[in-house]
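Dear colleague,

I am passing a structure on to you, and I would be glad if you kept it open while you read the notes underneath.

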Amino acid sequence: MKRTLKFSLGLANTNKIEALKELSNEYKKAVNYFLQILSSENKHILRESEVKSFNSSLSYRYKQCAKRQAMKIWKSWRRNKKKGQIPEFDGALILDHRFIKVEKAKNSSFDYWVRIAILKKGYPILIPIKSYDYANNYFDNWKLVNGGRLSREDDNWFLLLTFEKETPPKKKEGKIIGIDIGIKKLMATSEKEFYGKDIERLMDKIQKKQQGSKAFKRAIKERDYYVNKTAKALSLNNLKAIVMENIKNIKRNTKKERRLRKEFRSKFQKWTYPLLFSRINQLCEINGVHFFTIDPAWTSQTCNKCGFVHELNRCGEIFLCRNCGYTQDADYNASKNILKTYLAQQSMVAGNIKANNGIFVH
Ligand SMILES: [Zn+2]
């Protein structure tokens with residue numbers, strides 16, 4: 001398994017920042033030039049002569065690296081069905097071990113040195129970086145993958161480093177739980193546990209800020225931090241598997257699916273869901289817990305007791321079945337349905353379809 005972490009290069013002095021800018025500008029020109037050749041001739045591969053003859057202060061090695069990145073961008077653009085404009089380079093340099101090396105700093109106030117090859121051949125620059133709580137575990141217990149991704153946001157430079165570790169085997173014993181993600185509370189589990197009650201307040205805070213402002217970005221950061229913290233609070237010790245709804249699997253064609261999508265969108269705030277989804281997925285990976293997904297299917301409108309589906313069953317945080325009168329916390333009811341749907345699918349796979357399974361009424 002792999003994880004990518006971001007480090008600030010803010011400790012670099014002006015000369016070094018200048019060198020990074022020069023490198024990045026030349027590199028960007030090269031990638032965009034190669035992209036142009038690929039698109040105008042509509043081909044997959046660049047000839048060596050085309051790479052060599054590009055007039056630039058980049059070393060031949062760097063040109064090769066830019067060529068590889070251009071071909072990668074081009075390839076994924078061609079694969080993408082919704083083709084827009086000819087792709088453009090986003091400015092993040094993907095560099096291998098020949099250009100970036102990370103070394104532990106000895107007896108200094110920094111934690112690591114990053115050695116980066118710049119335009120001036122044979123004169124790499126050294127930039128100190130500081131680790132942080134979350135990253136220490138990766139430096140200590142994971143293996144650092146050579147190379148890195150160099151990126152710029154406004155005037156700030158960052159280095160993305162990737163760490164890897166062998167994926168632990170999946171547990172064979174333990175409970176399976178369903179998790180529902182909501183607005184009032186981030187997670188409700190089929191064990192009737194609730195997590196993240198501050199999420200609504202944090203989302204409100206974001207909405208009150210002007211989009212793109214510093215305060216807005218700070219509020220987003222705060223929310224993301226909270227989502228991570230909440231995911232981590234989930235106890236995985238006694239679990240074998242977690243089941244969640246997969247937001248990607250909603251199609252848009254039929255009327256029913258459109259309604260489903262709308263329900264899903266309002267229920268799962270679209271920015272929170274993917275982050276929490278991937279955090280839980282990662283936590284499962286590390287802890288040897290299976291991570292299963294189901295297609296969203298009326299989980300918040302279905303009565304977990306009698307299987308009756310109606311949109312009026314749910315009223316805000318309260319679920320009240322119009323058929324049998326069952327009442328319960330709406331997110332808890334949904335999480336039970338998520339688990340139930342998964343288990344029903346499993347028993348169908350096993351050729352053991354139980355009649356009147358409840359959730360398949362519509
Ligand atoms: Zn009912």
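What follows is a short account of what was found, beginning with the model itself.

This is a predicted model, in which local features need pLDDT of at least 70 and side-chain atom pairs count only at pLDDT 80 or more, while totals for chains, interfaces and linings use all residues. Residues are numbered from 1 along each chain as its sequence is written. The mean pLDDT (the predictor's confidence in each residue, from 0 to 100) is 88 for the protein, and 89% of its residues reach 70 or more.

Three strands (DSSP runs of E, at least two residues, numbered from the N terminus) form an open sheet in the order β14-β15-β16, with antiparallel pairing, where two strands pair if DSSP finds at least two bridges between them. The edge strands, each pairing on one side only, are β14 (314-315) and β16 (327-329). Helix α9 (residues 330-349; a helix is a DSSP run of H or I, at least four residues) packs on this sheet and touches β14, β15 and β16. β14 pairs with β15 (residues 318-320) over two bridges, and Arg314 stands opposite Phe319 in β15.

Elsewhere, strand β7 (residues 148-153) has two antiparallel partners to look at: β2 (residues 93-95), over three bridges, and β8 (residues 156-164), over five bridges. Leu150 in β7 is the bridge partner of Leu93, whereas Arg149 has Leu160 in β8 as its bridge partner. β7 and β8 form a hairpin with two residues between them, and Asp154 in the turn has a positive phi of about 55 degrees.

With best wishes

Note on methods:
Contact = placed C-beta atoms within 7 Å. Axes fitted to C-alpha atoms, helices over the stretch in contact; angles between N-to-C directions.
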